[in-house]
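Biologist: I would like a close look at a single part of this model. Please pick one stretch, say what packs against it, and then follow the space around it.

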Amino acid sequence: VGSEMCIRDRGDKMIYDDLLFRFTEMSKEILGDNLAGIYLHGSAAMGCFNPLKSDLDLILIMKTSLSNAVKTEFMKNVVRLNDEAPAKGIELSVVKREFCNPFVYPTPYELHFSKMHLNWFQDNPKEYIDKMKGTDKDLAAHFTIIRKCGKVLYGETIREIFGEIPSENYIDSIRLDIEGACEEILTNQLYITLNLCRVLAYLERNLVLSKKEGGEWGIETLPPQYHAFIQEALSCYASEKEMTIAPETAEDFAKYMIGRINEYGF
């Protein structure tokens, strides 16, 4: 992993670069010549990584399908390395190159892993490998971020692998981030607040933003009565603090934002 790909904390100390290096070497060894590339996206690529609040987001691109035996061996090593990952763990998807350029939506995937699936794989690896495949609308958003600011950990360049993502596919993908926002913001204030900001920023200004950038855009452009609320979300996102704003304040913000977003037929 080159120095430009290292994740840095607020003290500018490089963290998790060794883990990414070992993940890359493990993937090359197990997946061999079938591996076209490994790409870092999410907060680690967008400059707002917080090991207490963020995961390591990875996309692996394959030339051809993987056998179940290879998937199982790969997953065993992913789980082992996940023990060293930040609090939210490693999140990855394995996708065949043929679905990336031209882009196919919803995007088929070969394999997926996140911390929420850890127990499933450990308890029943055969079932996990058999069933963890299909299509995922989230990949449109992930690929859009990769094309904007992703980092190549191994393999071909981003433009060689990833074709253009149609705007309507990206919009449909990010729609998932705010489904039920008026209810979910009562229990997940931080992420719903920042996601609402970045969704509106895209609809109004065609801006592809991180959660942090979305919150900053919200403070710059939204009515002043919401600035302190958004600033609290940004402060919590960058620290160990949990966001605990009065429910009525959070609900009022969500209703306002959904109203603005619905003006675009969202």
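Modeller: The answer below starts from one helix and works outward. Keep in mind that the model is predicted. The helix is α10, residues 189-205.

Start with its packing against α13. Helix α13 spans residues 247-262. The two axes lie 10 Å apart, at an angle of about 20°. Angles under 35 degrees count as roughly parallel, and α10 and α13 are therefore roughly parallel to each other. The crossing of α10 past α13 is left-handed. On the α10 side, the contact uses Gln189, Thr193, Leu196, Cys197, Val199, Leu200, Leu203 and Glu204. Facing them in α13 are Ala250, Phe253, Ala254, Met257, Ile258, Arg260 and Ile261. Sorted by class, this contact holds 11 nonpolar, 2 polar and 2 charged residues.

Now turn to α11. Here the axes of α10 and α11 are 8 Å apart, and the packing angle is about 70°. Since 65 to 115 degrees counts as roughly perpendicular, that angle makes α10 roughly perpendicular to α11. From α10, the contact draws on Tyr191, Leu194, Asn195, Cys197, Arg198, Leu200, Ala201, Glu204 and Arg205. From α11 come Lys211, Gly214, Gly215, Trp217, Gly218 and Thr221. The classes split into 6 nonpolar, 5 polar and 4 charged. Cys197, Leu200 and Glu204 of α10 appear in the contact with α13 and in the contact with α11.

Arginine 205 belongs to α10. What does arginine 205 touch, leaving aside its neighbours within four places in sequence? The list is Leu200, Trp217 and Thr221. Trp217 and Thr221 are also among the α11 residues that meet α10. Lysine 137 gives a reference point elsewhere in the chain. It is 68 residues from arginine 205 in sequence, and the C-alpha atoms are 22 Å apart.

Next comes the link between the two helices. Asparagine 206 sits in the loop between α10 and α11. Its phi is positive, about 60°, although the residue is not a glycine. Most residues other than glycine have a negative phi.

α11 has another partner beyond α10. Helix α11 covers residues 211-221, and helix α12 covers residues 227-237. Their axes come within 9 Å and cross at roughly 160°. That makes α11 roughly antiparallel to α12. This crossing, too, is left-handed. The α11 residues involved are Lys211, Lys212, Gly215, Glu216, Gly218 and Ile219. Those from α12 are His227, Ile230, Gln231, Leu234 and Tyr237. By class there are 4 nonpolar, 4 polar and 3 charged residues in this contact. Lys211, Gly215 and Gly218 of α11 take part here and also in the contact with α10.

Now the open space. Which element gives the largest share of the lining of the largest pocket? That is α10, with 5 residues. The pocket has a volume of about 750 Å³. Its lining counts 32 residues. Nearest its centre lie His142, Asp177, Asn195, Arg198 and Lys211. Asn195 and Arg198 of α10, and Lys211 of α11, are also part of the contact between these two helices. Elements that give two or more residues to the lining are α2 (43-46), α6 (138-149), α8 (167-175) and α10. The lining divides into 12 nonpolar, 9 polar and 11 charged residues.

There is enclosed space as well. Searching the whole structure finds 1 cavity of 30 Å³ or more. Its volume is about 40 Å³. The lining is made by His41, Asp57, Leu58, Ile59, Glu91, Leu92, Ser93, His112 and His142. Strands β4 (56-62) and β5 (90-96) each supply two or more of these residues. By class, the cavity lining has 3 nonpolar, 4 polar and 2 charged residues. His142 lines this cavity and is one of the residues nearest the centre of the largest pocket.

One last stop, following β5. Two prolines lie in the loop between β5 and β6 (107-109): proline 102 and proline 106. The bond from asparagine 101 to proline 102 is cis, with omega near 5°. The bond from tyrosine 105 to proline 106 is cis too, with omega near -10°. Most peptide bonds are trans.

Methods. Residues numbered from 1 in each chain as written. Predicted model: local features only at pLDDT ≥ 70, side-chain atom pairs only at ≥ 80, totals over all residues. Heavy atoms only, no water. Axes fitted to C-alpha atoms, helices over the stretch in contact; angles between N-to-C directions. Helix = DSSP H or I, 4+ residues; strand = E, 2+ residues; numbered from the N terminus. Parallel < 35°, antiparallel > 145°, perpendicular 65-115°, else oblique. Left-handed = near helix turned anticlockwise from the far one by under 90°. Contact = heavy atoms within 4.5 Å. Nonpolar A, V, L, I, M, F, W, Y, C, P; charged D, E, K, R; others polar. 1 Å grid on protein atoms, 1.4 Å probe; cavity = no way out; pocket = protein on both sides within 12 Å on 5 of 7 lines; lining within 4 Å. Points joined across faces, edges and corners; volume = space filled by probe spheres on them.
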